[in-house]
Amino acid sequence: MKRKIFILHEIYGVNDFIKMQAEAYSNANTTVECISLYLDNRIFPYEQEQQAYTYFINEIGFDAPLEQLTEKILEARSYYDEVLLIGFSVGATLAWRLSTLPLQGIVCVYGSRIRQYLDVIPSCPTLVILPSHEKSFNVHELKEALDILPSVHTKQYLGRHGFMDCNNSNYCYESYLQAQAEISQFFEIKHPGGLHDGPK
């Protein structure tokens with residue numbers, strides 16, 4: 001069985017954290033590809049959080065990448081038995097908006113703008129990982145709204161936005177370990193369509 005996992009980055013670009021995530025899920029059966037949403041593959045340092053956010057919102061946004069990402073995903077479906085998607089922050093919100101595609105699973109890690117797209121009903125198993133606190137909105141209200149959706153499983157961990165990234169000032173080691181284990185377990189979920197041929 002061949003699997004493809006696409007990773008969508010945060011506002012900072014395909015930095016060391018995103019590359020480390022790619023390594024975590026790559027194995028003999030799984031090809032991982034980090035997609036840069038930035039045409040010039042730029043990477044922002046963490047100190048430039050505000051500049052990175054402004055650049056993403058003004059130059060990229062949550063609409064423009066969808067068509068190209070959809071094409072990429074559908075093309076991969078022709079070559080792989082399973083195609084999965086994981087997004088972080090703004091990448092998580094984009095992943096959420098792509099959850100109606102014929103994918104085998106999606107993981108959204110602290111995608112705070114998901115709250116603006118609650119009209120999206122994922123058609124594949126979707127894991128949403130949330131922090132305990134967000135500065136701009138009530139996380140518990142978002143969790144309650146997501147928990148009623150049939151294909152969505154939410155997990156909340158102690159910490160703030162960015163808690164999985166060891167280079168981020170909001171890094172929380174224990175929550176990182178728990179979330180990483182949850183994601184790895186989610187990616188091993190047996191798909192009801194019979195794409196898995198038994199335990200690995």
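These legends describe close-up views of a predicted model.

**View 1. The largest nonpolar core of the predicted model.** This core holds 42 residues. Leu8, Phe56, Leu85 and Trp96 touch the most other members. Many elements give two or more residues to the core. Among the strands are strand 1 (3–8), strand 3 (82–88), strand 4 (105–109) and strand 5 (126–131). Among the helices are helix 2 (49–60), helix 3 (65–79), helix 4 (90–97) and helix 5 (139–147). Helix 4 gives the most, with five residues.

**View 2. Leu8 and its contacts.** Neighbours within four places in sequence are left aside here. Leu8 is in contact with Ile35, Leu37 and Leu69, among others. Its contacts also include Leu85, Ile86, Gly87 and Phe88. Further partners include Gly91, Leu94, Ala95 and Leu98. Elsewhere, a second, separate core has 24 residues. Phe17, Val32, Met164 and Phe186 are among them.

**View 3. The two sides of helix 5.** Val139, Leu142 and Leu146 are buried in this helix. They lie on the same side of helix 5, because they cover an arc of only 60 degrees around the axis. An α-helix has 3.6 residues a turn, so residues three or four places apart point the same way. On the other side of helix 5, Glu141 and Glu144 are exposed. The cover over the buried residues includes helix 4, strand 5 and strand 6 (152–157).

**View 4. The start of helix 5.** Here Asn138 makes a contact through its side chain. One of its side-chain oxygens reaches to within 2.8 Å of the backbone nitrogen of His140.

**View 5. The largest pocket.** The volume of this pocket is about 630 Å³. It is lined by 22 residues. Closest to the pocket centre are Glu49, Ser89, Glu134, Lys135 and His161. Helix 2 and helix 4 each supply at least two lining residues. Helix 2 provides the largest share of the lining, three residues.

**View 6. Ser89, a pocket residue with a positive phi.** Ser89 sits in the loop between strand 3 and helix 4. Its phi is near 55 degrees, a positive value in a residue other than glycine. Most residues other than glycine have a negative phi. Is Ser89 buried or exposed? Ser89 is buried, because its relative accessible area is 10% and the cut-off for buried is under 20%. Ser89 is also one of the residues closest to the centre of the largest pocket.

**View 7. Ser112 and its partners.** Ser112 belongs to the loop between strand 4 and strand 5. With 14% relative accessibility, Ser112 counts as buried. Residues up to four places away in sequence are not counted in its contacts. Ser112 touches Thr93, Glu134, Phe137 and His161. Glu134 and His161 also appear among the residues closest to the centre of the largest pocket.

**View 8. Gln104 and the backbone of Val83.** Gln104 is placed in the loop between helix 4 and strand 4. Gln104 is buried, with a relative accessible area of 9%. A polar atom of its side chain lies 2.9 Å from the backbone nitrogen of Val83.

**View 9. Ile43 and Asn41 in one loop.** The loop between strand 2 (30–35) and helix 2 holds Ile43. Asn41 lies in the loop between strand 2 and helix 2 as well. Asn41 has a positive phi of about 55 degrees, although it is not a glycine. Ile43 is partly exposed, with a relative accessible area of 46%. Which residues does Ile43 touch, not counting those up to four places away in sequence? They are Tyr12, Val14 and Asn15. Ile43 and Tyr12 are 31 residues apart along the chain. Their C-alpha atoms are separated by 5.5 Å.

**View 10. Tyr171 and its surroundings.** Tyr171 is found in the loop between strand 6 and helix 6 (173–187). Tyr171 is partly exposed, at 28% relative accessible area. Not counting residues up to four places away in sequence, Tyr171 touches Gly162, Phe163, Met164, Asp165, Cys166 and Tyr176. Met164 is also listed in the second core. Asn41 is 130 residues from Tyr171 in sequence. In space the two are 24 Å apart, C-alpha to C-alpha.

Note on methods:
Residues are numbered from 1 along each chain as its sequence is written. This is a predicted model: local features need pLDDT of at least 70, side-chain atom pairs count only at pLDDT 80 or more; totals for chains, interfaces and linings use all residues. Side-chain values use heavy atoms; hydrogens and water are left out. A nonpolar core is a set of buried Ala, Val, Leu, Ile, Met, Phe, Trp, Tyr and Cys residues joined through side-chain atoms within 4.5 Å. Buried means under 20% relative accessible area, exposed over 50%, partly exposed in between (1.4 Å probe, protein chains only). Helices (H or I, at least four residues) and strands (E, at least two) are DSSP runs, numbered from the N terminus. Contact means heavy atoms within 4.5 Å. The arc is that of the directions from the helix axis to the C-beta atoms. A polar contact is a pair of N or O atoms within 3.5 Å; within protein, one must be able to donate a hydrogen and the other to accept it, and residues adjacent in sequence count only if both atoms are side-chain atoms. On a 1 Å grid over the protein atoms alone, a cavity is a set of points where a 1.4 Å probe fits but cannot get out, and a pocket is an open set with protein on both sides within 12 Å along at least five of seven lines; lining residues have an atom within 4 Å of a point. Grid points are joined across faces, edges and corners, and a volume is the space filled by probe spheres set on the points.
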